[in-house]
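Hi,

Here is the structure I promised to pass on. Have a look at it first, and then read my notes below.

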Amino acid sequence: MNYVLKLIARNTLRHPLRTLLTVLGIVVAITAFGLLRTTVDAWYAGAEASSASRLVVRNKNSLTFPLPLYYGPKIRLIEGVESVSAAQWFAGIYIDKKNFFPQFAVDPHTYFALFPEFVIPPEQMKAFQLDRRGAIAGRKIVEKFGWKLGDQIPLIGTIYPGTWSFVLRGVYTGANSRTDETQFFLHWDNLNETLKKVAPDSANQVGIFLVGLKNAREAPLVAQRIDAQFRNSRAETLTETEKAFQLSFVAMTEAILLVIQAVSFLVIAIIMAVMANTMAMTARERRREYATLKALGFPVRFIAALIIGESLFIACAAGALGTWLIYPAAAYVGRRFGTIFPVFNVSDNTVIMALAATLLVGLVAAAGPALQASTVKVSEGFRAVG
Amino acid sequence: MTAVVEIEHLSKAYQRGGQVVPVLQDITLTLQIGDFVALMGPSGSGKSTLLNLIAGIDAPDSGLLRVAGVDITEFGESELAQWRAEHVGFIFQFYNLMPVLTAYENVELPLTLTHLSRRQRREHARLALDLVSLSDRADHYPSQLSGGQQQRVAIARALVTDPTLIVADEPTGDLDRVSAREILDLLESLNESLRKTIIMVTHDHLAAERAHIVRHLDKGVLTEQVDRPRPRGAGATA
């Protein structure tokens with residue numbers, strides 16, 4: 001065993017440049033694989049962070065159609081409903097279009113009770129509730145734009161024209177790493193009062209209702225009850241779990257996701273081929289040595305262990321480094337993505353997949369050369385027919 | 001006299017491009033313990049093939065091949081590997097040392113297949129290196145040694161397990177005249193002082209002159225035998 005390890009270690013460093021380049025290739029491939037998987041995860045981050053005890057009620061025809069405000073109290077009375085709040089997509093521009101972050105007009109008294117993952121200091125929450133022009137923003141955008149409590153934040157309306165000015169009254173942080181910290185919340189009342197003056201037809205309407213459940217297991221039943229309540233009304237509803245609601249957005253870009261996933265596996269396949277070529281070249285060069293070992297009486301498994309061990313040693317060392325590099329790379333890319341992917345975290349699943357891919361690369365690359373070196377006859381290895 | 005290699009009516013052929021090419025035909029040969037035998041013949045005459053068969057790294061198509069009283073043609077691949085480790089010491093034309101191991105480690109390598117302790121392995125390897133006068137080069141890698149020194153390390157590796165026989169395939173083929181003479185002196189000395197049975201394939205008449213028995217092969221057939229004076233009475237019979 002000692003000699004196997006000694007030979008593996010020394011053989012690995014026999015051609016330092018070749019080993020270095022192979023390691024470099026695997027490091028880049030594994031890091032790229034991890035980044036691509038993290039991008040896919042980021043796409044699903046909203047769905048993953050969603051709560052099983054929340055339902056989203058929207059207009060059955062389309063999300064772009066609103067629901068009447070008076071549906072709220074009716075939903076609250078439906079069996080199984082614990083609480084109800086409303087939200088409206090605002091879509092304002094902060095200075096420049098590239099400074100995108102999601103903005104919602106919400107009910108300041110009920111919305112945050114439904115989202116315990118948004119952690120807000122009580123005094124800031126109170127200040128927000130008391131100020132109709134107040135706003136609460138996520139930690140990441142506050143840091144990004146250098147805002148401070150009390151700052152005036154101007155937003156140019158796209159759906160609701162005009163320049164809107166809000167006062168930052170609170171900053172929320174995520175209760176866990178999956179929480180989106182890039183959202184911006186304003187008073188729905190503030191929006192509605194303005195609409196009553198400038199566009200009365202659009203007043204007293206909300207984009208979605210958010211429903212808190214008494215029992216998460218009753219979600220399908222409660223959803224049916226809500227939709228049944230408004231069947232044949234002027235705005236029929238479609239009620240779904242928050243996860244299903246989030247996944248409906250992901251589904252719109254499913255083709256892109258499939259391409260990213262395919263590329264991530266293609267990267268592994270390419271590096272597998274590169275590594276297999278390296279190991280085949282190595283085994284070819286050492287044909288005489290393997291024949292000598294066999295002649296000396298070393299069993300076939302010893303030869304196979306040398307090749308597989310070297311391949312695994314290179315792959316695992318490079319794979320570990322590549323996997324470790326996923327973290328700083330994802331942090332950098334996450335910052336570059338900004339608010340497009342508010343949650344860009346390397347998941348445990350990605351790390352496991354990267355390490356598994358590393359093992360697979362090492363094993364597959366060694367399989368052919370190990371089999372060939374093990375089965376070749378000693379005399380053929382020497383090419384010595386006298 | 002004790003026979004160490006007994007070969008009767010042994011034949012071997014290879015398939016080349018769909019054709020059967022006979023390499024050895026009806027070989028009968030007996031070697032005694034302590035023999036120093038040179039196998040000579042032109043390229044393609046089958047001398048290396050015969051050496052490989054005796055060393056158990058190739059199998060005959062027919063005939064009897066007994067080494068130290070054991071019919072090695074009955075062995076499977078793994079049994080044969082184990083048998084080689086215990087009974088055969090190899091010396092190759094191009095030394096075939098592991099380039100990533102030092103001279104000492106190369107010599108110790110075959111001992112890792114035995115049940116010797118680490119300390120015993122060290123003693124055996126040191127002794128073998130002493131026998132070839134290379135103790136001072138124990139920590140050198142093959143690339144730091146001359147051709148003659150590498151071949152001496154290879155001889156130490158062949159000796160270290162105290163094998164029944166030593167097979168040498170053109171041991172001086174890659175060496176200059178001076179180094180070749182040193183290697184042949186060493187082989188001769190091992191044969192005389194340790195009574196090691198040595199079978200050597202060579203093209204070199206000067207090398208063959210060191211052997212007590214010279215057998216010629218031509219087109220896979222043993223032709224003539226030349227016996228030379230030797231210190232002991234062992235001999236080969238066909």
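Which residues does B:Thr172 touch, not counting residues up to four places away in sequence? They are B:Ala180, B:Ile183, B:Leu184, B:Asp204 and B:Ala207. Before you go further, keep in mind that this is a predicted model.

To find B:Thr172, go to the loop between β7 (165-169) and α6 (177-194) of chain B. B:Thr172 has a relative accessibility of 7%, so it counts as buried.

While you are in that loop of chain B, have a look at B:Glu170, which lies between β7 and α6 as well. Its phi is near 50°, a positive value in a residue other than glycine. Is B:Glu170 buried or exposed? With 10% relative accessibility, B:Glu170 counts as buried.

There is another positive phi to look at in chain B: B:Lys219 has one of about 50°, although it is not a glycine. You will find B:Lys219 in the loop between β9 (213-218) and β10 (221-227) of chain B. B:Lys219 has a relative accessible area of 64%, so it is exposed. To put the two side by side, B:Glu170 is buried, whereas B:Lys219 is exposed.

Now for the place where the chains meet. Chain A and chain B bury about 2500 Å² between them, and 63% of that area is on carbon and sulfur atoms. Chain A brings 23 residues to the contact, and chain B brings 33 residues.

How many salt bridges are there between chain A and chain B? The count is 2. One to pull up on screen joins the side chains of A:Lys6 and B:Glu105, at 3.2 Å from N to O. As for polar contacts between chain A and chain B, there are 9 residue pairs, with both residues at pLDDT 80 or more.

On the chain A side, α1 (2-12), α12 (287-296) and α15 (378-382) each supply at least two of the residues that touch chain B. The largest share comes from α12(A), with 7 residues. Sorted by type, the residues on this side of chain A come out as 11 nonpolar, 6 polar and 6 charged.

Last, the aromatic rings. Searching the whole structure turns up 31 aromatic pairs over all chains. A:Tyr94 is a good place to start, as these two pairs show:

- A:Tyr94 and A:Phe101 have ring centres 6.2 Å apart and planes at 55°, so this pair is tilted. Both of these residues are buried.
- A:Tyr94 and A:Trp147 have ring centres 5.1 Å apart and planes at 90°, so this pair is edge-to-face. A:Tyr94 sits in the loop between β4 (92-93) and β5 (103-106) of chain A, and A:Trp147 in the loop between α7 (139-145) and β8 (152-157) of chain A, so the pair ties together parts that are 53 residues apart in sequence. A:Trp147 is buried, and so is A:Tyr94.

Chain A also has an aromatic cluster for you to trace. Which residues form it? A:Trp89, A:Phe104, A:Tyr111, A:Phe112, A:Phe115, A:Phe118, A:Phe128, A:Tyr172 and A:Phe185 make up this one cluster. Mind the chain letters when you search for number 172: A:Tyr172 belongs to the cluster, while B:Thr172 is the buried residue from the start of these notes.

Cheers

Notes: Residues numbered from 1 in each chain as written. Chains lettered and ligands numbered in written order. Predicted model: local features only at pLDDT ≥ 70, side-chain atom pairs only at ≥ 80, totals over all residues. Heavy atoms only, no water. Contact = heavy atoms within 4.5 Å. Buried area = accessible area lost by both parts, 1.4 Å probe. Salt bridge = Lys/Arg side-chain N within 4 Å of Asp/Glu carboxyl O. Polar contact = N/O pair within 3.5 Å; in protein donor to acceptor, adjacent residues only side chain to side chain. Helix = DSSP H or I, 4+ residues; strand = E, 2+ residues; numbered from the N terminus. Nonpolar A, V, L, I, M, F, W, Y, C, P; charged D, E, K, R; others polar. Phe/Tyr/Trp six-rings, centres within 6.5 Å; stacked < 30°, edge-to-face > 60°. Buried < 20%, exposed > 50% of the residue type's maximum accessible area, 1.4 Å probe, protein only.
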